[in-house]
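Please work through the exercises below with the model open beside you, and try each task before reading its solution.

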Amino acid sequence: MSARTLPLLFLNLGGEMLYILDQRLRAQSIPGEKARKDEWTDVDRKRVMNDIISTMFNKKFMEELFKPQDLYSKKALRTVYDRLAHASIMRLNQASMDKLYDLMTMAFKYQVLLCPRPRDILLVTFNHLDAIKDFISDSPAILNQVDETFRQLIETYNCLSDGEFQLIRQTLLVFFQDMHIRVSIFLKDKVQNSNGRFVLPISGPVPWGTEVPGLIRIFNHKGVEVKRSEFTTAGNYVTPQREGSFELYGDRVLKLGTNMYSVTRPVETHVSGSSKNLASQAKENIVPNPLAKEELNFLARLLGGLDIQKPAGAETGFRLNLFTTDEEEEHAAQTRPEELSYKVINIEATQEPGRRAELSRILGELEVAEPRPGSAEKGEDLLALMDGL
């Protein structure tokens, strides 16, 4: 397992989360002068995006993130995104948060699978950060935060060998290997099967620095070519014209990691397999983990740098519903296996009561804030994040 995988995983998943939220908030924005109190406006959208991005790229948070460390459980990482998504006035119920996280993970998994070479995972990350910079182009202070993270990425990863990037890619694939959630944008494009597994292309550009397959060269013991033969390939391969830029600015060439929601198209997620299978997989995940204490320390460090903005005064959090109706969201919450709850993290007691109390206090702040019953909630009638299927 690579100790340099966590920053790439976090930033790419965060980029996908921002794509989804921006797409839905733009689609439902009402002109300010026409909007009711319980409706989203473009001002609200910008505020949500600025708050989340500012929190995501907090300097202290990034310092902890870039320290060499192993990946931890899916639950630990999911808890970070729960808190990050609620860094502004927006509120997501548990079922909507599940749906958002499903889209994030499957999109990035597909990008990792399609990378022509392991090093291109860094270009995917740069594409996400380029798009994030466009979201906050009118906020210089936040833009500087993103640029600083950009520089950290360049300094940390540009010097790594191809073998180290291969280890990073394998670590990511191990993390995603049991996730087979169906997404209609992939199903309709026929890049995902009905069981949630991706269909990888056998044609297209070959990795930069390699040749189009179809030629075999044979060399003698002196390294001199003595024979060559050609063979027919099943795919239609082309040589890339140039390599993508690994600098702060430049043409990335690779399109993986760009915003696929910029064109309005319906998307839906469905968990493949039965609830019973999901429950059994979740049960495996909650077996007592010998790394529980380390995961708790990881969360304490990571979340300690997140300065969450709480709604001021009587202002309530405005709810964003990622389902077609409130009833559909409620049904999704009720049919969700109980073992999949991410709100509670169980740890074994240690002999450090003072330390344990401090860590418990930090984790206690992770409770998702729900709007008060009966209060005005923006997004009450929002369409599903993705319709169809």
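Axes are lines fitted to C-alpha atoms, for helices over the stretch in contact, and angles run from 0 to 180 degrees between N-to-C directions. The model is a predicted one, in which local features need pLDDT of at least 70 and side-chain atom pairs count only at pLDDT 80 or more, while totals for chains, interfaces and linings use all residues. Residues are numbered from 1 along each chain as its sequence is written, and side-chain values use heavy atoms, with hydrogens and water left out.

**Exercise 1.** Describe how helix H2 packs on helix H7.

*Solution.* Step one is to place the elements: H2 covers residues 42-56 and H7 residues 140-157, where helices (H or I, at least four residues) and strands (E, at least two) are DSSP runs, numbered from the N terminus. Step two is the geometry, in which the two axes come within 9 Å and cross at roughly 40 degrees. That makes H2 oblique to H7, since angles under 35 degrees count as roughly parallel, over 145 as roughly antiparallel, 65 to 115 as roughly perpendicular and the rest as oblique. Step three lists the contact (heavy atoms within 4.5 Å), to which H2 gives Asn-50, Ile-53 and Ser-54, and H7 gives Ile-142, Gln-145 and Val-146. These residues divide into three nonpolar, three polar and no charged, where Ala, Val, Leu, Ile, Met, Phe, Trp, Tyr, Cys and Pro count as nonpolar, Asp, Glu, Lys and Arg as charged, and the others, Gly among them, as polar.

**Exercise 2.** Give the geometry and the contact residues for the packing of H1 and H7.

*Solution.* The angle is about 145 degrees, and the axes lie 12 Å apart. The contact is then made by Pro-7, Leu-8 and Leu-11 of H1 together with Thr-149, Leu-153 and Tyr-157 of H7, a set that divides into five nonpolar, one polar and no charged.

**Exercise 3.** Describe the approach of H1 to H6 and the character of their contact.

*Solution.* The axes of H1 (residues 6-28) and H6 (residues 120-135) come within 9 Å and cross at roughly 40 degrees. That makes H1 oblique to H6. Among the residues in contact are Gly-15, Glu-16 and Asp-22 of H1, and Asn-127, His-128 and Phe-135 of H6. The contact residues divide into 11 nonpolar, five polar and two charged.
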